[in-house]
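Trainee: I would be grateful for a close look at one part of this protein, namely the way its helices pack. Please take the structure below as the basis for the discussion.

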Amino acid sequence: MADIKLYYFDARGVAEVSRLVLAFAKQPYEDIRWSMDDWPKYKKESPFGQSPWIEYKGEKRSQSIGISIFLAQKFGLYGKTHLEALRIDEVVYLVRDVRLVWAQVDQEKNPTKKLTLADIYVYDLVYQLKKVRNYDALTKFPTLGSLKSKVEGNPDIAKQTTGELSSRGFPEA
Ligand SMILES: N[C@@H](CCC(=O)N[C@@H](CS)C(=O)NCC(=O)O)C(=O)O
């Protein structure tokens, strides 16, 4: 029986990083997955009603970031000093923050809803990702197309993003 069991939906989601760390470390483990239909059955077993969780030598622990850090520490992917670990954490939590913003954008189902500061922040983040990191979030996350129309649909904002100021505008996909 494997020392490590990883429990999550049959999806990449927030468990995939841990699966990738385990693959990198060539670790045998039980990759326990379920469908949405089977979730209520597994939910009863989960530590706090959510997944993923890991079972290590019989001890059950949850929280995806903590799990990935535990595995990274164990298999040599977490730096050699506390400062290196801090540098790694900085990126880990930055990515977590971006995912949280993403989740909020995905929940935005009504395109006619009033524009808020949240929309403008995400719009600007997407712009900066493209400009500074050459990361094309628009292609990867099509939901952002409606965010672009929503923000640029405002005539005063459009003045900033079109015409002579167009170099400041939203990057094209
Ligand atoms: N902070 C937790 C969040 C876990 C979480 O939101 N899990 C979702 C799947 S991504 C879940 O189990 N949802 C089903 C439910 O809450 O009933 C983590 O990162 O592990």
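At what angle do helix α5 and helix α7 pack, and how far apart are their axes?

Mentor: The model under discussion is a predicted one. In it, helix α5, which spans residues 117-133, packs against helix α7, residues 144-152, at an angle of about 115°, and the two axes lie 10 Å apart. Since angles of 65 to 115 degrees count as roughly perpendicular, α5 and α7 are therefore assigned to that class. The crossing of α5 past α7 is left-handed.

The residues that form this contact can be named on both sides. From α5 come Asp119, Ile120, Val122, Tyr123 and Val126, and they meet Leu144, Leu147, Lys150 and Val151 of α7. By class, the contact of α5 with α7 comprises 7 nonpolar and 2 charged residues, with no polar ones.

A second pair of helices may be set beside this one. The axes of α1 and α3 come within 9 Å and cross at roughly 10°. That angle makes α1 roughly parallel to α3. On the α1 side the contact is made by Val17, Ser18, Val21 and Leu22, and on the α3 side by Ser64, Ile67, Ser68, Leu71 and Ala72. This contact of α1 with α3 has 6 nonpolar and 3 polar residues, and no charged ones.

Helix α3 itself, residues 64-74, merits further attention. Its buried residues include Ser64, Ile67, Ser68, Ile69, Leu71 and Ala72. The buried residues of α3 pack against helix α1 (16-24) and also against the strands β3 (53-56) and β4 (59-62). Just after α3, Gly76 adopts a positive phi of about 80°.

Ser64 also belongs to the surroundings of the ligand, where the residues are Gly13, Val14, Lys43, Gly49, Gln50, Ser51, Pro52, Ser62, Gln63, Ser64 and Ile65. Sorted by class, this shell around the ligand holds 7 polar, 3 nonpolar and 1 charged residues.

Finally, these parts may be placed within the whole chain. The protein chain contains 8 helices and 4 strands, which follow one another along the sequence in the pattern β-α-β-α-β-β-α-α-α-α-α-α. Of its 173 residues, 17% count as buried. Among contacts in the protein chain with a separation of 6 or more, 57% are accounted for by residues 24 or more positions apart.

How values were computed:
Residues are numbered from 1 along each chain as its sequence is written. This is a predicted model: local features need pLDDT of at least 70, side-chain atom pairs count only at pLDDT 80 or more; totals for chains, interfaces and linings use all residues. Axes are lines fitted to C-alpha atoms, for helices over the stretch in contact, and angles run from 0 to 180 degrees between N-to-C directions. Helices (H or I, at least four residues) and strands (E, at least two) are DSSP runs, numbered from the N terminus. Angles under 35 degrees count as roughly parallel, over 145 as roughly antiparallel, 65 to 115 as roughly perpendicular and the rest as oblique. A crossing is left-handed if the near helix is turned anticlockwise from the far one by less than a right angle, and right-handed if clockwise. Two residues are in contact if their C-beta atoms, placed from the backbone, lie within 7 Å. Ala, Val, Leu, Ile, Met, Phe, Trp, Tyr, Cys and Pro count as nonpolar, Asp, Glu, Lys and Arg as charged, and the others, Gly among them, as polar. A residue is buried if 20 or more other C-beta atoms lie within 10 Å of its own, exposed if 12 or fewer, and partly exposed in between; C-beta atoms are placed from the backbone. A residue is near a molecule or strand if its C-beta atom, placed from the backbone, lies within 6 Å of it.
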